[in-house]
Amino acid sequence: MSPALDVPRELAEPGERGSLTIGHAVVRKVAQHAAAQVPGTAREGKGPKAKVGGHDNDVDLALDLALRYPAAVRAVVGDVRAKVAEEVELITGYRVRTLAVTVSALLPAAAPRVR
């Protein structure tokens with residue numbers, strides 16, 4: 001065992017350690033995944049679509065998604081807003097400044113039976 005391994009290493013000051021930037025593409029994927037996890041959202045096609053803007057540690061999100069019919073639109077959208085903001089902030093450390101949700105479709109809850 002070398003003596004160098006026993007010596008505690010001093011950490012650089014936080015400002016000297018460097019920085020981490022998380023791209024908008026990653027934030028978009030996190031938002032889309034979080035929105036798709038909310039009960040009442042439809043996952044057909046590619047699922048929810050998201051656009052990301054903002055700078056520094058603040059992001060602005062715009063989601064476009066489909067809901068299952070019949071759905072309590074206000075309740076599901078409220079759940080989507082809460083889940084997306086929570087996940088984006090938890091995973092990326094960015095603050096969700098604005099979050100706009102557009103419901104573009106209501107899809108049947110069960111596939112129609114074909115005779």
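# Briefing on a predicted α-β-β-α-β chain

Read from the start of the sequence, the protein chain follows the pattern α-β-β-α-β, made up of 2 helices and 3 strands. Helices (H or I, at least four residues) and strands (E, at least two) are DSSP runs, numbered from the N terminus. The radius of gyration is 21 Å, well over the 13 Å that the globule rule gives for 115 residues, so the chain is more spread out than a compact globule. That radius is taken over C-alpha atoms, and the globule rule is 2.2 Å times the number of residues to the power 0.38.

This is a predicted model, in which local features need pLDDT of at least 70 and side-chain atom pairs count only at pLDDT 80 or more, while totals for chains, interfaces and linings use all residues. Residues are numbered from 1 along each chain as its sequence is written, and side-chain values use heavy atoms, with hydrogens and water left out.

**Overall dimensions, surface and charge**

- The C-alpha trace of the protein chain spans about 80 × 35 × 20 Å along its principal axes.
- Of the 115 residues, 28% count as buried; buried means under 20% relative accessible area, exposed over 50%, and partly exposed in between (1.4 Å probe, protein chains only).
- The protein chain exposes about 8300 Å², of which carbon and sulfur atoms supply 55%; accessible areas come from the Shrake-Rupley method with a 1.4 Å probe, and for residues only the protein chains shown count as cover.
- Among contacts (heavy atoms within 4.5 Å) between residues at least 6 apart in sequence, 69% join residues at least 24 apart.
- The mean positions of the 16 positive and 13 negative charges are 17 Å apart.
- In that charge count, Lys and Arg are positive and Asp and Glu negative, with His and the chain ends not counted; the place of a charge is NZ of Lys, CZ of Arg, CG of Asp or CD of Glu.

**Helix H1 and the loop that leads to E1**

- Glutamine 32 belongs to helix H1 and is buried, with a relative accessible area of 17%.
- Leaving aside neighbours within four places in sequence, glutamine 32 is in contact with Pro48, Lys49 and Ala50.
- The C-alpha atoms of glutamine 32 and lysine 46 are separated by 9.5 Å, the two residues being 14 apart along the chain.
- Proline 48 sits in the loop between H1 and E1 and counts as buried at 4% relative accessibility.
- Beyond four places in sequence, proline 48 touches Gln32, Ala35, Ala36, Asp64 and Leu65.
- From proline 48 to glutamate 13 the C-alpha distance is 41 Å, with their positions 35 residues apart in sequence.

**Threonine side chains and backbone atoms**

- Threonine 41 lies in the loop between helix H1 (24-36) and E1, where it is buried at 2% relative accessibility.
- A polar atom of the threonine 41 side chain lies 2.8 Å from the backbone oxygen of valine 38, and one lies 3.3 Å from the backbone oxygen of alanine 35.
- Contacts of threonine 41 outside its neighbours within four places in sequence include Ala66, Leu67 and Arg68, as well as Val76 and Val80.
- Threonine 92 is part of helix H2 (residues 73-92) and is buried, with a relative accessible area of 11%.
- A polar atom of the threonine 92 side chain lies 2.5 Å from the backbone oxygen of valine 88, and one lies 3.1 Å from the backbone nitrogen of tyrosine 94.
- Apart from neighbours within four places in sequence, threonine 92 is in contact with Ile22, Val27 and Glu87.

**Strand E3**

- Valine 103 is found in strand E3 (residues 95-108) and counts as partly exposed at 32% relative accessibility.
- Not counting residues up to four places away in sequence, valine 103 touches Leu65, Leu67, Val73 and Val77.
- Valine 103 and valine 26 are 77 residues apart along the chain, and their C-alpha atoms are separated by 23 Å.

**Backbone geometry in the loops**

- Most residues other than glycine have a negative phi, and most peptide bonds are trans.
- Aspartate 56, in the loop between strand E1 (49-55) and E2, has a positive phi, near 55°.
- Aspartate 56 is exposed, with a relative accessible area of 67%.
- The peptide bond from tyrosine 69 to proline 70 is cis, with omega near -5°; proline 70 is found in the loop between strand E2 (58-69) and H2.

Methods:
Polar contact = N/O pair within 3.5 Å; in protein donor to acceptor, adjacent residues only side chain to side chain.
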